[in-house]
Amino acid sequence: MASRLLVLLCFSLLAAGPVAAAEPPLVADMSQDSISITSSFTGTEILLFGAIDRPGDVVVVVQGPREDLVVRRKARVSGIWMNRKSVTFHGVPAYYAVASSRPLEDIAPPTVRARYRLGGDYLDFAIAGETHQLAGQELLDFREAILRNKAREDLFAIDEEQVRFRNHLFRTSLVFPANAPEGDYSVNVYLMRGGRVVDNQQSTLSIRKAGLERTIFDLANEQPALYGLIAIVIALFAGWLAAVAFRRT
Amino acid sequence: MQIYFPIAELSLNVFLVLGMGGGVGFLSGLFGVGGGFLMTPLLIFIGVPPAVAVATEANQIVAASVSGVIAHWRRNNVDIKMGLILVVGGFAGSTVGSFLFKLLREIGQVDLVISLSFVVFLGVVGTLMVIESVRLMLRSRKGGYRKKAHQHYWAHGLPFKMRFHKSKLYISIIPPILVGFFVGLLAAIMGVGGGFIMIPAMIYLLGMPTSVVVGTSLFQIIFVTANVTFLHSINTQTVDVALAVLLLAGAVIGAQFGARVSSKLRGEQLRALLGAIVLAVCAKLIVDLIFEPSDLFSLGPLVTE
């Protein structure tokens, strides 16, 4: 990590110098490109940093793996709140975060924001066929519920003005909570001027369970029968051990 | 110190989990009850998904019942024949319950059914405990104590009779199978051993002597909760071994302290206290069901075949 920072620092110093030729408008990198979920994982922060050739705006968009979600709405049935209507959505990013140097609406017009998915309103996910008969506004309520619930779990975040500049160097931190799902996350960095994308850079961040957590999770999902038997054996042994250890004479 | 639990997919404080295991273990040692009926709701309260709470708690009860049954085994207080008949019913009940659980999960109603089941059972059991202990307190003040003579139960008239030497019974196997079935159903859906239902049923319905009911019910619970652990592992992948191990580490230690303290306190007051705890958990569940939730919408994974 340190060496990467150093390389980038050297590079940006060079770029700033008078002899700089054919410099790319945007260079960015992250302090890590993979995150391991181990037993001590409580979420993590990754530093994203870079340099631009001359003043402009920087927008960072991180999208997690796509998932299928069922959104359920509770209604009161004889005094009790229970799930009633549900809508299934396909291809919802499990994680979505945007960081920008200024408010998004000051940086780009809606058409550009829509094209680059800058902001929760521009996320595209499909609604499962059988639920299409719901009225437009009702469907929007379900869609907004995704953004709201994910935001509460820190899985959706729009952080305007969180990309900070020092001259032509910029930095921001990407926050991944403990419940960040496993998978490949795409990280897009856009350099914008005059409402247009001047340059962009894409990289991938991988989040994976590791160590004992990995073993347990894989076994539970790939060998469920064996996992169940192991769980029983562990419990039988632990129970026996407790009885022996605390035998009262 | 936080630990990430791979199946529950959340990070919890180790001391909170150990403390919960210890606290519930203390109560179970103090009152001689299983504790599943308190642990499952507590796990749900701290944010563990209800399906994971149920399956994981079933796994933990296997361990708790093994250490319990060993103590009763040494005192020769287990009716194995009756236990095995109860296991037959329990296996059928927990298998049906596990598939019912899976079905409820697919239609998004499993959380509601778990909560409602707990409200009903905690409400009934807690109320009975409080009433019973108040009656006992009043009676002990009067100083009187009466004992019922041997009764002839309706269960004695059914076919498929079998002799149970240890319980000194010659009864039809249908009632114990039905009791086992019902308790197995509860185990799969609620993550409880079901001793709080089975023990009264054994005494009042089957007419078993009180000396063998606890050991025999623990014997049945081992097999039934092991079956629940296995079926939930296969059907829903909701058993979190790491969470179960940490809970039972706390529970084992807590139970020892509980057992020691219980010999120094009066039974009826203990029972009233447990009844109050059970009713408090029940009240919290009711509040969560009838008050408008802060967000009417919730997200869930798409569960299909």
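1. In this predicted model, strand β2 of chain A is joined by four bridges to strand β13 (residues 196-209) of chain A, and the two run parallel. Within that pairing, Ile37(A) stands opposite Lys209(A) of β13(A). Strand β13(A) is also joined to strand β12 (residues 183-193) of chain A, here through eleven bridges and in the antiparallel sense, with Val187(A) having Ser203(A) of β13(A) as its bridge partner. The two strands β12(A) and β13(A) make a hairpin with two residues between them, in which Gly194(A) takes a positive phi near 55°.

2. These strands belong to an open sheet of six strands in chain A, whose order is β2-β13-β12-β4-β7-β9 and whose pairing is mixed. The edges are taken by β2 (34-37) and β9 (156-160) of chain A, each of which has a single partner strand, so that one side of each is left without a neighbour in the sheet. From one strand to the next, the twist averages 15°. Further along the order, strand β4 (residues 57-63) and strand β7 (residues 96-100) of chain A pair over five bridges in the antiparallel sense, and Gln63(A) stands opposite Tyr96(A) of β7(A).

3. A further run of pairings in chain A involves strand β5 (residues 66-77) and strand β6 (residues 80-93), which pair with each other in the antiparallel sense over ten bridges. Arg72(A) has Ser86(A) of β6(A) as its bridge partner. The strands β5(A) and β6(A) form a hairpin with two residues between them, and Ser78(A) in the turn has a positive phi of about 40°. Strand β6(A) pairs in addition with strand β8 (residues 126-127) of chain A, in the antiparallel sense and over two bridges, where the bridge partner of His90(A) is Ala126(A) of β8(A).

4. The pairing of strand β5(A) also crosses from one chain to the other, since five bridges join β5(A) to β5(B), the two running antiparallel. Here Val70(A) stands opposite Gly300(B) of β5(B). A reader checking the assembly may wish to look at this pairing together with the wider contact between the chains, which is taken up next.

5. Between the two chains, 46 residues of chain B are in contact with 48 residues of chain A. On the side of chain B that touches chain A, the elements giving two or more residues are β1 (2-5), β2 (10-13), α3, α8, α9 (241-262), α10 (267-290) and β5 (297-301) of chain B. Of these, α3(B) gives the most, with ten residues. By class, the residues on this side of chain B divide into 29 nonpolar, 14 polar and three charged. For the model as a whole, the scores are ipTM 0.86 and pTM 0.83.

6. Helix α3 (residues 50-74) of chain B also packs within its own chain, where its axis and that of helix α8 (residues 210-235) of chain B come within 8 Å and cross at roughly 150°. The helices α3(B) and α8(B) are therefore roughly antiparallel to each other, and their crossing is left-handed. Among the residues that make the contact are Ala55(B), Ile61(B), Val66(B), Gly68(B) and Trp73(B) of α3(B), together with Val214(B), Leu218(B), Phe219(B), Ile222(B) and His232(B) of α8(B). The residues of this contact divide into 14 nonpolar, eight polar and no charged.

7. A second helix pair of chain B is formed by helix α4 (residues 80-106) and helix α6 (residues 174-190), whose axes come within 6 Å and cross at roughly 40°. That angle makes α4(B) oblique to α6(B), and α4(B) passes α6(B) in a right-handed crossing. By class, the contact of α4(B) with α6(B) has 21 nonpolar, eight polar and no charged residues.

8. As to confidence, chain B averages a pLDDT of 86, and 93% of its residues score at least 70. The pLDDT is below 50 over residues 144-149 of chain B, a stretch which, beyond near neighbours in sequence, has two contacts in the model.

Definitions and conventions. Residues numbered from 1 in each chain as written. Chains lettered and ligands numbered in written order. Predicted model: local features only at pLDDT ≥ 70, side-chain atom pairs only at ≥ 80, totals over all residues. Axes fitted to C-alpha atoms, helices over the stretch in contact; angles between N-to-C directions. Parallel < 35°, antiparallel > 145°, perpendicular 65-115°, else oblique. Left-handed = near helix turned anticlockwise from the far one by under 90°. Contact = placed C-beta atoms within 7 Å. Nonpolar A, V, L, I, M, F, W, Y, C, P; charged D, E, K, R; others polar. Pairing = 2+ DSSP bridges. pLDDT = per-residue confidence, 0-100.
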